[in-house]
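Thanks, everyone, for making the time this morning. I would like to walk you through one model, going from a single loop to the overall fold and then back to the parts that deserve caution.

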Amino acid sequence: MPRRKRRRNIGFTASASYYKPAGIPIRACVDVTIGEDEMEALRLADLEGLYHEDAAARMDVSRQTFGRIIASARQKIADALINGKAIKIETGDSVENDR
């Protein structure tokens, strides 16, 4: 039996929960779901420019776990952009933290 997923520190709340390509009706869009932890990893690594080790400490996860989270997030974003899919931001089991 796998271990329970550890709660991660999330330092922001997304202002939107859904993005879609222009010119494609919502009913025709295929969704790619991005978790709250993946959005936080993107924010810390790509927007704030933190090294993985520093970003992992902010999220209270190991550097290796942070690497897996950011790789998953980047793959999903690339899939959505290249294949014209919508991006749905999902909220989950995390700890809201104002750092």
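Let me begin with one cut-off, since I will lean on it throughout: a residue is called buried under 20% relative accessible area and exposed over 50%, with partly exposed for what lies in between. Please also keep in mind that what you see is a predicted model.

With that in hand, take Phe 12, which sits in the loop between strand S1, residues 8-10, and strand S2, residues 18-19. Its relative accessible area is 22%, so Phe 12 counts as partly exposed. Along the chain Phe 12 and Arg 43 are 31 residues apart, yet their C-alpha atoms lie 9.1 Å from each other in space. Gly 11 belongs to the loop between S1 and S2 as well, and at 28% relative accessible area Gly 11 is partly exposed. For Gly 11 and Met 59, a separation of 48 residues along the chain goes with a C-alpha distance of 8.2 Å.

Which residues, then, does Glu 40 touch, once its neighbours within four places in sequence are set aside? The contacts are Asn 9, Ile 10, Gly 11, Phe 12 and Met 59, which brings the two loop residues I just described back into the picture. Glu 40 itself lies in helix H1, and because its relative accessibility is 2%, Glu 40 counts as buried.

Glu 40 has plenty of company in that respect, because 10 of the 12 residues of H1 are buried, so that the helix is largely enclosed by the rest of the structure. The buried set in H1 includes acidic residues such as Glu 36, Asp 37 and Glu 38, alongside Met 39, Leu 42 and Arg 43. From its first C-alpha to its last, H1 reaches 15 Å, close to the 16 Å expected at 1.5 Å a residue. After H1 comes Gly 49, with a positive phi near 75°.

Let me step back to the fold. The protein has three helices and five strands, and from the N terminus on the elements run β-β-β-α-α-α-β-β. Among contacts between residues at least 6 apart in sequence, 76% join residues at least 24 apart. Of the 99 residues, 34% count as buried, while the protein exposes about 6,600 Å², of which carbon and sulfur atoms supply 52%.

Three of the strands form an open sheet in the order S2-S4-S3, with mixed pairing. S2 and S3 are the edge strands, each pairing on one side only. S2 and S4 run antiparallel and are joined by two bridges, and Tyr 18 stands opposite Lys 88 in S4. H1 packs on this sheet, where it touches S3 and S4, and the direction of H1 makes about 75° with that of S3. H3 also packs on the sheet and touches S3 and S4, but in its case the direction makes about 155° with that of S3.

H3 deserves a few words of its own. It has 21 residues and spans 30 Å from first to last C-alpha, close to the 30 Å expected at 1.5 Å a residue. Its buried residues are Thr 65, Phe 66, Gly 67, Ile 69, Ile 70, Ala 73, Asp 79 and Ala 80, and what covers them includes S1, S3, H1, helix H2 and S4. H3 is followed by Gly 84, whose phi is positive, near 65°.

On the other side of H3, in the loop between H2 and H3, we find Asp 60, which has a positive phi of about 65° although it is not a glycine. With a relative accessible area of 35%, Asp 60 is partly exposed.

Finally, how far does the predictor's confidence carry us? The average pLDDT is 86, and 87% of the residues score at least 70. Where is confidence lowest, and where is it highest? The lowest mean, 46, belongs to strand S5, residues 94-96, and the highest, 96, to helix H3, residues 63-83. Over residues 93-99 the pLDDT is below 50, and this stretch nevertheless has 20 contacts in the model beyond near neighbours in sequence. That is where I will stop, and I am happy to take questions.

Key: Residues are numbered from 1 along each chain as its sequence is written. This is a predicted model: local features need pLDDT of at least 70, side-chain atom pairs count only at pLDDT 80 or more; totals for chains, interfaces and linings use all residues. Side-chain values use heavy atoms; hydrogens and water are left out. Helices (H or I, at least four residues) and strands (E, at least two) are DSSP runs, numbered from the N terminus. Buried means under 20% relative accessible area, exposed over 50%, partly exposed in between (1.4 Å probe, protein chains only). pLDDT is the predictor's confidence in each residue, from 0 to 100. Contact means heavy atoms within 4.5 Å. The expected span of a helix is 1.5 Å times one less than its number of residues. Accessible areas come from the Shrake-Rupley method with a 1.4 Å probe; for residues, only the protein chains shown count as cover. Two strands pair if DSSP finds at least two bridges between them. Axes are lines fitted to C-alpha atoms, for helices over the stretch in contact, and angles run from 0 to 180 degrees between N-to-C directions.
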